[in-house]
Every structure is written in structure tokens, then in C-alpha cells.
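User: I am new to this structure and would like to learn how to read it. Could you take me through it feature by feature?

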Amino acid sequence: MPTLYYTPETRATRVIAQLMMMGKLDDIKVINVDVVKADGSGHVDPSNAHPEGKVPYLITDDGEHIRESAAIMMYLDELYGCPLGVASGQPGRGTFLSWMTYYCGVLEPAMVTHFAEIDHPIMVSNFRTMKEVGDQILTGLGDKPFLVGDKITVADLIMASAFQWAPHLTPDFDTVKAWLKRVGEAIDGPALQAYEARAKDALMAAA
């Protein structure tokens with residue numbers, strides 16, 4: 001059984017949402033660990049297998065260690081037959097892979113730069129800004145309901161998660177807002193919140 005290291009209200013939440021949507025949460029061993037938060041709370045948890053004390057982190061049945069949300073989400077999707085992805089050789093595969101890597105290669109650096117209030121031409125030329133991110137999402141969606149087409153994929157989950165975490169940075173386009181609403185509706189919000197609450201309570205009790 002694959003093992004996922006997870007902390008509620010972190011980037012690992014989207015992996016839990018994915019597993020819930022695929023109906024595979026019970027097929028994964030989830031280990032709740034503490035992490036150092038941006039506000040300085042928390043601690044480096046010795047039970048966390050991640051070499052940098054982060055989450056999410058996945059150990060496969062074969063003992064392979066996988067880090068980074070995009071890699072973990074694509075691995076899990078392919079492990080269970082691509083219910084929320086596009087299989088190799090299928091139409092839309094390139095678009096799917098592009099959005100998965102756009103998240104970690106452009107969106108997240110642009111968002112971190114924004115929060116850090118860094119305005120440097122090297123950062124802008126390499127990673128662009130949140131304005132360009134919004135423009136690209138708008139163009140990428142076009143008249144499609146989701147980024148890759150008619151069905152939701154983990155590309156939608158990972159891209160949308162940034163704006164679910166920081167809604168004030170949502171691009172001011174009706175098309176993008178409608179997409180975010182569709183992604184949110186596809187996730188069982190109450191069930192996910194209840195799961196996170198239980199995990200948070202367990203961590204607090206252990207502390």
C-alpha cells in the first residue's frame with residue numbers, strides 16, 4: 001500500500017482531494033505529520049520521510065520516494081488508470097502535461113514572488129507575474145469547461161488550488177471564475193473539510 005505523508009491545510013490537501021475524487025483514499029496509507037508553517041509554528045517532524053520535512057511525500061509499494069505535488073498527483077492518477085488525467089498517447093496528453101508543469105514552473109514562482117513583494121526584471125522575464133498567469137489561464141480555457149477539455153483533471157485541481165488558497169489573487173475574468181467554481185463543485189468540500197479537521201485534531205492531540 002502506498003504511503004502518503006500529509007499535513008492538513010497545506011499543499012498536500014489537493015492530493016487528498018484527488019484521492020477522494022478517485023475513490024482511492026482507503027487504498028493509501030496516510031501518515032499525518034507536522035511541518036514548519038510560514039508563521040513559524042509547527043516543527044520538523046522526525047516521522048516525516050521527506051528529506052526537507054515537507055508535504056506531500058509519497059512512498060510507493062516498490063519503495064520509490066516521490067516528492068512534489070505534480071509528480072505525486074500524476075503518479076497516483078496513472079496508478080489507478082488515469083481517471084483524472086490523460087493517458088500517454090491519448091489526445092490532450094501534451095496539454096495536460098503542460099498545465100501540470102506550468103503550475104510548478106510558472107504559477108507558484110509568480111505567486112511566491114508576489115507575496116514576497118519582489119519586483120525584479122530577472123524574475124519577471126523568467127516566471128512572469130500573476131497578471132500573465134491569469135491571461136494564460138483565460139486563453140487556455142477558451143470555451144472549454146476545464147483546462148484540457150470537457151472533463152476535470154488533476155491539472156485543474158493543482159492549478160485551481162492556488163486560488164482556493166489565495167482567492168484574492170483570482171484573475172478578474174468571468175471565464176476563470178466560472179472554471180474555479182466548477183472545480184470547487186467537483187470536489188466534495190464538506191467531506192474534505194471534515195477529513196482535514198479530523199487530521200488536524202489528531203495532530204494537536206499527538207502534540
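Analyst: We will go from the sheet to the helices, then to the core and the cysteines. Please keep in mind that this is a predicted model.

User: Let's begin with the sheet. In what order do the strands lie, and which are the edge strands?

Analyst: In general, the strands of a sheet pair through backbone hydrogen bonds, either parallel or antiparallel. Here, four strands form an open sheet in the order 2-1-3-4, with mixed pairing. Strand 2 and strand 4 are the edge strands, each pairing on one side only. On average, neighbouring strands of this sheet are turned by 20 degrees against each other, direction ignored.

User: How many bridges join strand 1 to strand 2, and do these strands run parallel or antiparallel?

Analyst: Strand 1 (residues 3-6) and strand 2 (residues 29-32) run parallel and are joined by four bridges. You can find two of the partners yourself: Thr3 has Lys29 as its bridge partner in strand 2, and Tyr5 has Ile31.

User: And how does strand 1 run with strand 3, parallel or antiparallel?

Analyst: That pair is antiparallel, with three bridges between strand 1 and strand 3. Look at Thr3 once more: in strand 3 it stands opposite Ile59.

User: Which residues of strand 1 are on each side, and are they buried or exposed?

Analyst: The general idea is that side chains in a regular strand alternate between the two faces of the sheet. In strand 1, Thr3 and Tyr5 are on one side, while Leu4 and Tyr6 are on the other. All four are buried, and both faces of the strand are covered.

User: What do strand 1, helix 1 and strand 2 make together?

Analyst: They make a right-handed β-α-β unit, in which helix 1 covers residues 13-22. Helix 1 lies across strand 1 and strand 2 and runs at about 135 degrees to strand 1. Another helix packs on the sheet as well: helix 2 touches strand 3 and strand 4, and its direction makes about 125 degrees with that of strand 4.

User: Which residues of helix 2 are buried, and what covers them?

Analyst: A general point helps first: an α-helix has 3.6 residues a turn, so residues three or four places apart point the same way. In helix 2 (residues 69-79), the buried residues are Ser69, Ala70, Ile72, Met73, Met74, Leu76 and Asp77. Their cover includes helix 1, strand 3, strand 4, helix 3 (93-115) and helix 6 (154-165). After helix 2 comes Gly81, with a positive phi near 90 degrees.

User: How many residues are in the largest nonpolar core, and which have the most contacts inside it?

Analyst: The largest nonpolar core has 59 residues, and those with the most contacts inside it are Met100, Leu107, Val133, Ile137, Met159, Phe163 and Trp179. Helix 3 gives the most to this core, with nine residues. Try selecting Val133: leaving out residues up to four places away in sequence, it touches Tyr102, Val106, Leu107, Ala110 and Phe163.

User: Is Arg93 buried or exposed, and what is it in contact with?

Analyst: Arg93, found in helix 3, has a relative accessible area of 17%, so it falls under the 20% cut-off and is buried. Setting aside neighbours within four places in sequence, Arg93 is in contact with Glu78, Val86, Ala87 and Ser88. For the opposite case, go to Gln193 in helix 8 (residues 189-206). Gln193 counts as exposed because its relative accessible area is 58%, over the 50% cut-off.

User: Last topic: why is Cys82 in no disulfide?

Analyst: The count of disulfides is zero. The cysteine sulfur nearest to that of Cys82 belongs to Cys104, 18 Å away. A disulfide needs sulfur atoms within 2.5 Å, so 18 Å is too far for a bond. Cys82 is buried, with a relative accessible area of 15%, whereas Cys104 is partly exposed at 43%.

Key
Residues numbered from 1 in each chain as written. Predicted model: local features only at pLDDT ≥ 70, side-chain atom pairs only at ≥ 80, totals over all residues. Heavy atoms only, no water. Pairing = 2+ DSSP bridges. Right-handed = clockwise from strand over helix to strand, strands pointing away. Buried < 20%, exposed > 50% of the residue type's maximum accessible area, 1.4 Å probe, protein only. Contact = heavy atoms within 4.5 Å. Core = buried A, V, L, I, M, F, W, Y, C linked by side-chain atoms within 4.5 Å. Axes fitted to C-alpha atoms, helices over the stretch in contact; angles between N-to-C directions.
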